[in-house]
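User: Please walk me through this model and explain the reason for each label you use. I work at the bench, so plain words are welcome.

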Amino acid sequence: LELVRITGATVVIYADVGMFANAQKSEFVARGKNVARVDLVGASHDAHLDAFEQWIEALRGFTDAPLASATCYPVPAPDSSPLLVPKCRSNLLSTS
């Protein structure tokens, strides 16, 4: 299934020491419609194991907003690294 077919908000999580080159990562993410990309620092192919805290932070950053109305955009990582993390916000206006 190509990413281009997915219309909902999507997060793609990569390891910075993983199996894909940066150009491959960028090309894949560019195919999507509403995609946030996260590169985990110091992570390998088993990023969910060796970069667990970053993995959880990336997932929480993505799921904080309701998925049906989320808009995700990349922002600099909090540690001032050149990598980007997703920040998502709801498109719904708060009534409070």
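Analyst: Happily! Thr10 touches Leu3, Asn34, Val35, Ala36 and Phe62, with residues up to four places away in sequence left out. A contact here means heavy atoms within 4.5 Å. This is a predicted model, in which local features need pLDDT of at least 70 and side-chain atom pairs count only at pLDDT 80 or more, while totals for chains, interfaces and linings use all residues. Residues are numbered from 1 along each chain as its sequence is written, and side-chain values use heavy atoms, with hydrogens and water left out.

User: Why is Thr10 called buried?

Analyst: The relative accessible area of Thr10 is 14%. Buried means under 20%, exposed over 50%, and partly exposed in between (1.4 Å probe, protein chains only). The value for Thr10 falls under the first limit, so Thr10 is buried. Thr10 lies in strand S1, residues 10–15. Helices (H or I, at least four residues) and strands (E, at least two) are DSSP runs, numbered from the N terminus. A polar atom of the Thr10 side chain also lies 3.0 Å from the backbone oxygen of Gly8.

User: What makes S1 largely enclosed by the rest of the structure?

Analyst: Five of the six residues of S1 are buried, so the strand counts as largely enclosed. S2 is mostly covered too, with six of its six residues buried. Both faces of S2 are covered: Val35, Arg37 and Asp39 are buried on one side, and Ala36, Val38 and Leu40 on the other.

User: How do you know that S1 and S2 pair?

Analyst: Two strands pair if DSSP finds at least two bridges between them. S1 and S2 share six bridges in the parallel sense, so they meet that rule. Along the pairing, Ala15 stands opposite Leu40, and Val12 stands opposite Arg37.

User: What makes the contact between Asp39 and Arg37 a polar one?

Analyst: The side chains of Asp39 and Arg37 come to 2.9 Å. A polar contact is a pair of N or O atoms within 3.5 Å; within protein, one must be able to donate a hydrogen and the other to accept it, and residues adjacent in sequence count only if both atoms are side-chain atoms. The distance is inside the limit, so the label fits. The Asp39 side chain makes another such contact with the side chain of Lys25, at 3.4 Å. Asp39 sits in strand S2 and is buried, with a relative accessible area of 9%.

User: Which residues make up the largest nonpolar core?

Analyst: There are eleven: Ala9, Val11, Ala15, Ala36, Val38, Leu40, Ala43, Ala47, Ala51, Ala58 and Phe62. S1, S2 and helix H3 (52–63) each supply at least two of them, and S2 gives the largest share, three residues. Another core, of five residues, lies apart from it and includes Leu3, Val12, Tyr14 and Val29. The name covers a set of buried Ala, Val, Leu, Ile, Met, Phe, Trp, Tyr and Cys residues joined through side-chain atoms within 4.5 Å.

User: What makes Val29 buried, and which residues does Val29 contact?

Analyst: Val29 has 14% relative accessibility, so it counts as buried. Val29 lies in helix H1, residues 22–30. Leaving aside neighbours within four places in sequence, Val29 is in contact with Leu3, Val12, Tyr14, Val35 and Arg37. Val29 and Leu3 are 26 residues apart in sequence and 7.8 Å apart in space, C-alpha to C-alpha.

User: Why is the pair of Tyr14 and Phe20 called edge-to-face?

Analyst: The chain counts one aromatic pair. The ring centres of Tyr14 and Phe20 are 6.0 Å apart and their planes stand at 70°, so the pair is edge-to-face. The rule takes rings of Phe, Tyr and Trp (its six-membered ring) with centres within 6.5 Å; planes under 30 degrees apart are stacked, over 60 edge-to-face and the rest tilted. Tyr14 is buried at 9% relative accessible area, whereas Phe20, at 42%, is partly exposed.

User: And the chain as a whole: how many helices and strands are there?

Analyst: Three helices and four strands, running β-α-β-α-α-β-β from the N terminus. Of the 96 residues, 35% count as buried. Among contacts with a separation of 6 or more, 56% join residues 24 or more positions apart.
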